[in-house]
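The following exercises concern side-chain interactions in a single model. Each task is followed by a solution in steps.

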Amino acid sequence: MQALAEFIMRGRTQACAVALLGSFFPFISPATIGLVTLRKGSVEGLLVLLWAALPLIASYSLSEGPALLTLVSIASLIMMVVSANVLRLTASWQSTMLVSIMVGGLSALGFGWFFSTDVNLLIDNIGEMLAEVAAQQQVEQEPFIPGREFILGLVALILAVSAVVSLFVARWWQALLYNPGGFGEEFHSLRLQPAVAGLLLLAVIGGLRLPNGYEFWAELMAVPLLMAGLALAHHTVKFLQAGTQWLVFMYVGLIVFGPSVGVLLVGLGFADSILNLRSRLAAVKNRQP
């Protein structure tokens, strides 16, 4: 990865080439945009973004399909410039994640407003697909048909998570080149302010109490708490000098048992924000003979 980051930073041509070809691999194109924006600013980031968006525009032009999915993908690239610029100016992951979930939510609402027909068409297509699956499996109950709130919440969550994860990769690349080991220290120290964590938790609980369809909006509000929980887990493993297998178990559990492990990490992120578990952990270790 360091070699790839070095190639990207050799010049605009190299960065644009990686952004263009990286569209076929997860996180490569947005992370490239993020790295260039972090190091050289928004103008350079937008220039690289144009090349990363070319395959999306070409695919839409050739397929003549709905514009919604293409626009969502392009919006995720634009969010990288916004989020990376916030991190570049504030050096605060808390501010960056809050801006990411806000922009992700506003973008999803904008899609629902300006591309209402495409959203309805997507809902109809999903409903038909679920009905066919239910018929093939001879399910007696009516299949769950997602509504607008469900689809737009999913879009908002995907945009926010993609922006945050891609920016983590970009920041890691930047540290490899200019500050070895810096990203690990920065990520391990990620902690939300108590007031921010409290408001986010209230938003998550409020979203879960809403009617069916708003689950993804609640999960959107939980993204910063989840990342804070992951940061605490990484810090704890390093501090206790435990094996990396514990992190592997955590991520496998997050994939396999998503909701249960996710709730645990969100709770850890909130608890650390309120109680500063890192300092308490250090105090306990220092008291040991």
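**Exercise 1.** Determine which kind of interaction joins the side chains of Asp 272 and Arg 278, and state whether each residue is buried or exposed.

*Solution.* Step 1: the side chains of Asp 272 and Arg 278 meet in a salt bridge, at 2.0 Å from N to O. The term denotes a side-chain nitrogen of Lys or Arg within 4 Å of a carboxyl oxygen of Asp or Glu. Step 2: Asp 272 is buried because its relative accessible area is 1%, and Arg 278, at 11%, also counts as buried. Here buried means under 20% relative accessible area, exposed over 50%, and partly exposed in between, with a 1.4 Å probe and protein chains only.

This is a predicted model, in which local features need pLDDT of at least 70 and side-chain atom pairs count only at pLDDT 80 or more, whereas totals for chains, interfaces and linings use all residues. Residues are numbered from 1 along each chain as its sequence is written, and side-chain values use heavy atoms, with hydrogens and water left out.

**Exercise 2.** Locate His 188 and list its contacts beyond four places in sequence.

*Solution.* Step 1: His 188 belongs to helix H9, which covers residues 182-188. Helices (H or I, at least four residues) are DSSP runs, numbered from the N terminus. Step 2: with a relative accessibility of 14%, His 188 counts as buried. Step 3: apart from neighbours within four places in sequence, His 188 is in contact (heavy atoms within 4.5 Å) with Ala 231, His 234, His 235, Lys 238 and Arg 278. Arg 278 is also the salt-bridge partner of Asp 272.

**Exercise 3.** How many salt bridges does a search of the whole structure find, and which parts do Glu 44 and Arg 12 tie together?

*Solution.* Step 1: the search finds three salt bridges. Step 2: one of them joins Glu 44 to Arg 12, with the closest N and O atoms 2.6 Å apart. Glu 44 lies in helix H4 (residues 42-63) and Arg 12 in helix H2 (residues 12-21), so this pair ties together parts 32 residues apart in sequence. Step 3: Glu 44 is buried at 18% relative accessibility, whereas Arg 12 is partly exposed at 45%.

Step 4: Glu 186 forms a salt bridge with Arg 171, the closest N and O atoms being 3.0 Å apart. Glu 186 lies in helix H9 and Arg 171 in helix H8 (residues 148-178), so parts that are 15 residues apart in sequence are tied together. Glu 186 is partly exposed at 22%, and Arg 171 is buried at 15%.

**Exercise 4.** Classify the ring pairs Phe 111 with Phe 115 and Trp 246 with Phe 249.

*Solution.* Step 1: rings of Phe, Tyr and Trp (its six-membered ring) pair if their centres lie within 6.5 Å; planes under 30 degrees apart count as stacked, over 60 as edge-to-face and the rest as tilted. A search of the whole structure finds seven aromatic pairs. Step 2: the centres of Phe 111 and Phe 115 are 6.3 Å apart and the planes stand at 55°, so this pair is tilted. Phe 111 is buried at 9% relative accessibility, while Phe 115 is partly exposed at 28%. Step 3: for Trp 246 and Phe 249 the centres are 6.1 Å apart and the planes at 90°, so the pair is edge-to-face. Both residues lie in helix H12, three residues apart, about one turn of the helix, and both are exposed. Step 4: ring pairs also link Trp 93, Phe 168, Phe 183 and Phe 187 into a cluster.

Methods: Helices (H or I, at least four residues) and strands (E, at least two) are DSSP runs, numbered from the N terminus.
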